[in-house]
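I set out to record three items for this entry: a pocket, the nonpolar core and the cysteines.

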Amino acid sequence: MLNKCSFIGNLGRDPEIRLTQSGSKVGNFTIACSEKWKDKQTGETKEKTEWVRIVVFSDGLCGVIERYLKKGSKVYIEGKLQTRKWQGNDGVEKYTTEIVLQGFDAKMIMLDGKSEGGGNYGGQEQRQEAGSGSPESAPDLDDEIPF
């Protein structure tokens, strides 16, 4: 059985980080996932936006969210779809569907670029494309060679 969802979107507001009674961090934010197309009959450009609720159960990932994400940040999210039942103040049962990032298979990649804190966080190691290293990390090839 497979329960895996992936989204690319922008945060609709600053993320919220809260502490559980046991002291663990829980992060919450929503992302806007938009698609655009051209109406074949009118030629008009149309757009539809879906809002996706994200919940993060990882102290490390919540730390990254606190430091780097803000309203408008673009992220790639990979997590599990979960629906939970809860009771509103009016006593009526309600349901909320959200993407949960928890465990080794949760993934978040910040897509805004390195200058704005971009990086790959989650269950997988951060990867760097060949040839895309920063000048500071590149070896100095102009040093004197003793042979």
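I looked up the second largest pocket in this predicted model and noted about 200 Å³ of space in it. I then listed its lining, which comprises 14 residues, with Arg18, Asn28, Arg53, Val55 and Arg84 lying nearest the centre. Strand S2 (16-19), S3 and S4 are the elements that each give two or more residues to this lining. I recorded S3 as giving the most, with 4 residues. By class, I entered 6 nonpolar, 3 polar and 5 charged residues for the lining of the second largest pocket.

I turned next to the largest nonpolar core, which holds 20 residues. Phe29, Ile31, Ile54, Ile77, Leu101 and Met108 touch the most other members. The elements that contribute two or more residues to this core are strands S1 (5-11), S3 (25-38), S4 (45-56), S5 (74-87), S6 (93-101) and S7 (107-110), together with helix H1 (59-68). I noted that H1 supplies the largest share, 4 residues.

I followed Ile54 individually. Leaving aside residues up to four places away in sequence, I found that Ile54 touches Gly27, Asn28, Phe29, Ile31, Ile77, Ile99 and Leu101. Asn28 thus appears twice in my notes, as a contact of Ile54 and among the residues nearest the centre of the second largest pocket.

Last, I checked the cysteines. Are Cys5 and Cys62 buried or exposed? I entered Cys5 as buried because its relative accessibility is 17%, under the 20% cut-off. Cys62 is also buried, at 0% relative accessibility. My search of the whole structure for disulfides returned 0.

How values were computed:
Residues numbered from 1 in each chain as written. Predicted model: local features only at pLDDT ≥ 70, side-chain atom pairs only at ≥ 80, totals over all residues. Heavy atoms only, no water. Core = buried A, V, L, I, M, F, W, Y, C linked by side-chain atoms within 4.5 Å. Buried < 20%, exposed > 50% of the residue type's maximum accessible area, 1.4 Å probe, protein only. Contact = heavy atoms within 4.5 Å. Disulfide = S-S within 2.5 Å. 1 Å grid on protein atoms, 1.4 Å probe; cavity = no way out; pocket = protein on both sides within 12 Å on 5 of 7 lines; lining within 4 Å. Points joined across faces, edges and corners; volume = space filled by probe spheres on them. Nonpolar A, V, L, I, M, F, W, Y, C, P; charged D, E, K, R; others polar.
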